[in-house]
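Trainee: Please take one part of this model and go through it closely. Then set it against the rest of the chain.

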Amino acid sequence: MTVPPNHPRYKTLVVREYLARMVDDGLVDQTGLISHGRGEAFDYLMGGKTLEPSLKAEKVAAAHLLKAKKPLICVNGNATVLCAEKLIQLAKIIPAPIEVNLFHRTEERIDKLIKYLESKGGENIIGNIPTARIPGLEHNRALCSETLHNCDCILVPIEDGDRAEALVKMGKTVISIDINPISRTSKAATIPISDEIDRALTNIIQFIKGLHGKRDEIDLLITSFSRDQNRREVLSEISEFLKSQ
């Protein structure tokens, strides 16, 4: 059955087909399809929209990215092919470098993802020559650049829980975009954002534009945020949505 463009499921089906094509092209690992499917399930539970506590976390994330001395955006295959343009836009307005980092790492796939980002307007993308390691990790996601190793604030869309925990242990402010509010990543991150990645990046970009130069508001946003309270509010809104069905 062909789904028309005005159908509520049209975008979901288009994204699925696109990710499957990116697997064939070698940019996304097959396990990335499973990860995306889990995200879709939580998006249904949220009513397919940004929840109010998620919006609050996105504004706090913007504040942290503006205040950081050495911010970094670190992306995997899914994040890259789903939102390359918005990741690049965000990197330019912070400003911050982008690094590609993969669990199922091959030099060929790293190179393909870097070239993909460059084709969308990205510049000086990091990732093809790792020069450092994240302490406490044994798998390939421990491999990183000196830029990542030395950053003070890192945005990690669609992250692995153990690496999020390791980054926090290094003393970094970790901003995650993981639509699942009960994942290891969301529980470990300094600022867990429970939202679909495209919506989250759109909101963060808008908040950064509005917060530039507002130091007092930035400080207040950062000091008044509670990770655990925010996650509880997300879960409460999901519960209320389910009760209304």
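Mentor: What follows is a close look at one helix, then its partners and the wider chain.

This is a predicted model: local features need pLDDT of at least 70, side-chain atom pairs count only at pLDDT 80 or more, and totals for chains, interfaces and linings use all residues. Residues are numbered from 1 along each chain as its sequence is written, and side-chain values use heavy atoms, with hydrogens and water left out.

The part is helix H9, residues 197-211. Helices here are DSSP runs of H or I with at least four residues, strands are E runs of at least two, and both are numbered from the N terminus. H9 has 15 residues and should span 21 Å at 1.5 Å a residue. That expected span is 1.5 Å times one less than the number of residues. The end C-alpha atoms of H9 are 21 Å apart, in agreement.

Start at its first turn. A side-chain oxygen of Glu 196 comes to within 3.1 Å of the backbone nitrogen of Asp 198. A polar contact is a pair of N or O atoms within 3.5 Å; within protein, one must be able to donate a hydrogen and the other to accept it, and residues adjacent in sequence count only if both atoms are side-chain atoms. At the other end, Gly 213 sits just after H9 with a positive phi of about 85°.

Now the burial. Buried means under 20% relative accessible area, exposed over 50%, and partly exposed in between, with a 1.4 Å probe and protein chains only. The buried residues of H9 include Ile 197, Ala 200, Leu 201, Ile 204, Ile 205, Ile 208 and Leu 211. Asp 198, Arg 199 and Asn 203 are also among them.

Arg 199 deserves a closer look. Its relative accessible area is 18%. The side chain of Arg 199 meets that of Asp 43 in a salt bridge, 2.8 Å from N to O. A salt bridge is a side-chain nitrogen of Lys or Arg within 4 Å of a carboxyl oxygen of Asp or Glu. Asp 43 lies in helix H2, 156 residues from Arg 199 in H9, and the pair links distant parts of the chain. Asp 43 is buried too, at 17%.

Follow H2 one step further. It covers residues 31-45 and holds Glu 40, while Arg 16 lies in helix H1, residues 10-24. Arg 16 and Glu 40 form a salt bridge at 2.8 Å, N to O. The two are 24 residues apart in sequence, so the pair ties H1 to H2. Glu 40 is buried at 13%. Arg 16 is partly exposed at 33%.

Contrast a local pair. Lys 112 and Glu 108 form a salt bridge whose closest N and O atoms are 3.7 Å apart. They sit 4 residues apart in helix H5, about one helical turn. Glu 108 is exposed at 56%. The count comes to 17 salt bridges.

Now the whole. The protein has 11 helices and 7 strands. Its radius of gyration is 17 Å, close to the 18 Å of the globule rule for 245 residues, so it is as compact as a globular protein of that length. That radius is taken over C-alpha atoms, and the rule is 2.2 Å times the number of residues to the power 0.38. Of the 245 residues, 49% count as buried.
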